[in-house]
Amino acid sequence: MPLICIERSTIRSIRVRPRRNPVRTGRAAVNGTSLHYRTAGSGPAVVLLHGVPKTGYHWRHLVPKLTPHYTVVVPDLRGVGDSARPAGGYDSATMSDDIAALMSALGHERYAVIGEDWGAVIGYQLAARHREHVTALVFAEALFPGFGFEEHTALTPENVSSGMHLWHLGFYFQPDVPEMLIAGHERELITYMIKFERGRPDSATPDAIDEYVRCYSMPGGIRAMLSIYRAMLVDAEQNRQAAQRKLDIPVLALGGSAFIGERNESQMRLMAHDVTGHVFDAGHDLAEEVPGEMAGVVLPFLAARLARAA
C-alpha cells in the first residue's frame with residue numbers, strides 16, 4: 001500500500017544521516033474527531049500543515065531536512081488522508097483547534113507552524129487563536145478568504161491570462177453536483193489540479209498522485225475536500241475578525257513565482273507585524289517542487305526566530 005511506502009521511504013531518507021530519526025505514526029482523538037499523524041526528530045516542535053488535494057505525504061522531502069534539528073509533527077487534516085471524516089467542522093478555526101489539541105496531546109506546548117495552501121490559512125488561524133503556543137509561522141502559497149481569495153473566482157481577462165482564475169471554487173460550492181461528477185474521476189481531477197498549479201509539473205511524481213488519489217477516493221474523501229471549500233465564507237469572517245489583532249510572532253511568507261508569488265507577503269502584512277517574504281522559481285507546491293531551496297530558507301528563519309523565542 002502507498003502508506004507503507006511513505007513511511008519506509010521517509011525512514012530510509014532519514015537513516016542515511018548519522019543521527020537516526022525514525023518516523024512514528026499514530027492516531028489521536030482530538031476536538032471531536034480523530035487525526036492521523038506522523039512524527040519524527042528531536043528538539044523544538046514544528047507542525048506541518050498540508051493543503052488540498054494533498055495529504056501529509058506532501059512534506060516527505062522536507063521532513064528529513066528538519067528532523068536533525070526539530071521534532072516534526074505531520075498530521076493529515078480533518079477529513080483528509082487517513083484522518084477521520086466527520087460530518088462537519090471544516091472551517092479553518094475549527095481545524096486549527098484540531099491541531100492545537102493534537103499538539104497538546106503529544107506534549108508540545110510551544111511550537112512553530114509551517115502551512116501551505118489551505119494548511120497555511122489553518123496555520124494562520126492556529127497562530128491567531130492559540131497565541132501562547134505558536135512561536136513562528138511559515139505561510140506558503142495561499143490566498144486568504146476575506147482578503148482577495150473570492151475575487152479570483154471572477155471570470156475576467158486578467159484572472160484568465162494570469163492563470164489565477166479559480167473556476168473550481170464556484171463549482172465546488174454547488175451541493176451534490178460536484179460529488180456526482182467527480183465520483184470515479186478522482187484521479188483525473190487530482191492529477192489535473194496538481195499539475196496545472198505547478199511551475200514544475202514533473203514534480204508531481206506517480207507515487208504522490210497514487211497516494212493522493214488513494215486518500216480522496218476513500219469513502220467521504222471528496223465530500224470532506226468539498227466541505228473545506230464550502231466553509232470558505234465562514235473562513236472569510238473568521239479571518240476578518242482575527243486580523244483585527246495582528247500577530248506578534250515572526251512570519252515567513254513563501255511564494256512561487258508561477259502562482260501566488262509576492263501576494264503571500266502582501267497578504268501577511270495585513271495579518272502580522274513581523275513579516276519576511278521570499279519567492280521561489282516554482283509554482284504552488286513548494287515542498288514538492290523545490291524542497292531543498294525551501295529548506296534553505298525555512299531552516300535559517302526557524303533557527304533565528306526560535307532562538308529569540310527561547
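1. Is Asp-98 buried or exposed in this structure? In this predicted model, Asp-98 is buried, because its relative accessible area is 1%, which falls under the 20% limit used for that label. The residue has its place in helix α3, which covers residues 92-105. Once its neighbours within four places in sequence are left aside, Asp-98 is in contact with Val-30, Asn-31, Thr-33, Leu-35 and Arg-78, and a reader new to the model may wish to find these five contacts on the display before going further.

2. A second place to look is the loop between β3 and α2, where Tyr-57 lies. Tyr-57 counts as buried, because its relative accessibility is 6%. Its separation from His-165 can be stated in two ways, since the two residues are 108 residues apart in sequence, while their C-alpha atoms are 27 Å apart in space.

3. Side chains of opposite charge can pair when their charged atoms come close. A search of the whole structure for such pairs finds 14 salt bridges. One of them joins the side chains of Arg-60 and Asp-207, with 3.7 Å from N to O. Arg-60 lies in the loop between β3 (45-49) and α2 (63-66), and Asp-207 belongs to helix α9, so this pair ties together parts of the structure that are 147 residues apart in sequence. The partners are not alike in accessibility, for Arg-60 is buried at a relative accessible area of 9%, whereas Asp-207 is partly exposed at 36%.

4. Arg-60 also takes part in a salt bridge with Glu-288, where the side chains meet at 3.0 Å from N to O. Glu-288 lies in helix α13, which covers residues 286-289, while Arg-60 sits in the loop between β3 and α2, so the pair ties together parts that are 228 residues apart in sequence. Glu-288 is buried, with a relative accessible area of 4%.

5. A further salt bridge is formed by Arg-269 with Glu-265, whose closest N and O atoms are 2.7 Å apart. Arg-269 counts as partly exposed at 38% relative accessibility, and Glu-265 counts as partly exposed at 25%. Elsewhere, salt bridges that share partners join Lys-54, Arg-60, Glu-116, Arg-198, Asp-207, Asp-285 and Glu-288 into one network.

6. Arg-198, a member of that network, is found in the loop between α8 (186-196) and α9 (206-216). Arg-198 counts as buried, because its relative accessibility is 6%. When residues up to four places away in sequence are not counted, Arg-198 touches Ser-203, Ala-204, Gly-283, His-284, Asp-285, Glu-288 and Glu-289. Among these contacts are Asp-285 and Glu-288, both of which also belong to the salt-bridge network.

7. Where does helix α9 stand with respect to burial, and how many of its 11 residues are buried? The helix is mostly covered, with 8 of the 11 residues buried. The buried residues are Ala-208, Ile-209, Glu-211, Tyr-212, Val-213, Arg-214, Cys-215 and Tyr-216. Asp-207, the salt-bridge partner of Arg-60 in this helix, is partly exposed.

8. Strand β6 covers residues 134-140, and 7 of its 7 residues are buried, so the strand is largely enclosed by the rest of the structure. Strand β5, made of residues 111-116, is joined to β6 by 5 bridges, and the two strands run parallel. Within this pairing, Val-113 stands opposite Leu-137 in β6.

9. The interior also deserves a careful look, since a search of the whole structure finds 3 cavities of 30 Å³ or more. The largest cavity has a volume of about 240 Å³, and its lining is made up of 22 residues, of which Asp-117, His-168, Glu-197, Tyr-229 and His-284 lie nearest its centre. His-284 is also one of the residues that Arg-198 touches.

10. Which classes of residue line the largest cavity? Its lining has 17 nonpolar, 2 polar and 3 charged residues. As for the helices that contribute, α4 (118-129), α6 (168-173), α8 and α10 (221-230) each supply at least two residues of the lining.

Terms used:
Residues are numbered from 1 along each chain as its sequence is written. This is a predicted model: local features need pLDDT of at least 70, side-chain atom pairs count only at pLDDT 80 or more; totals for chains, interfaces and linings use all residues. Side-chain values use heavy atoms; hydrogens and water are left out. Helices (H or I, at least four residues) and strands (E, at least two) are DSSP runs, numbered from the N terminus. Buried means under 20% relative accessible area, exposed over 50%, partly exposed in between (1.4 Å probe, protein chains only). Contact means heavy atoms within 4.5 Å. On a 1 Å grid over the protein atoms alone, a cavity is a set of points where a 1.4 Å probe fits but cannot get out, and a pocket is an open set with protein on both sides within 12 Å along at least five of seven lines; lining residues have an atom within 4 Å of a point. Grid points are joined across faces, edges and corners, and a volume is the space filled by probe spheres set on the points. Ala, Val, Leu, Ile, Met, Phe, Trp, Tyr, Cys and Pro count as nonpolar, Asp, Glu, Lys and Arg as charged, and the others, Gly among them, as polar. A salt bridge is a side-chain nitrogen of Lys or Arg within 4 Å of a carboxyl oxygen of Asp or Glu. Two strands pair if DSSP finds at least two bridges between them.
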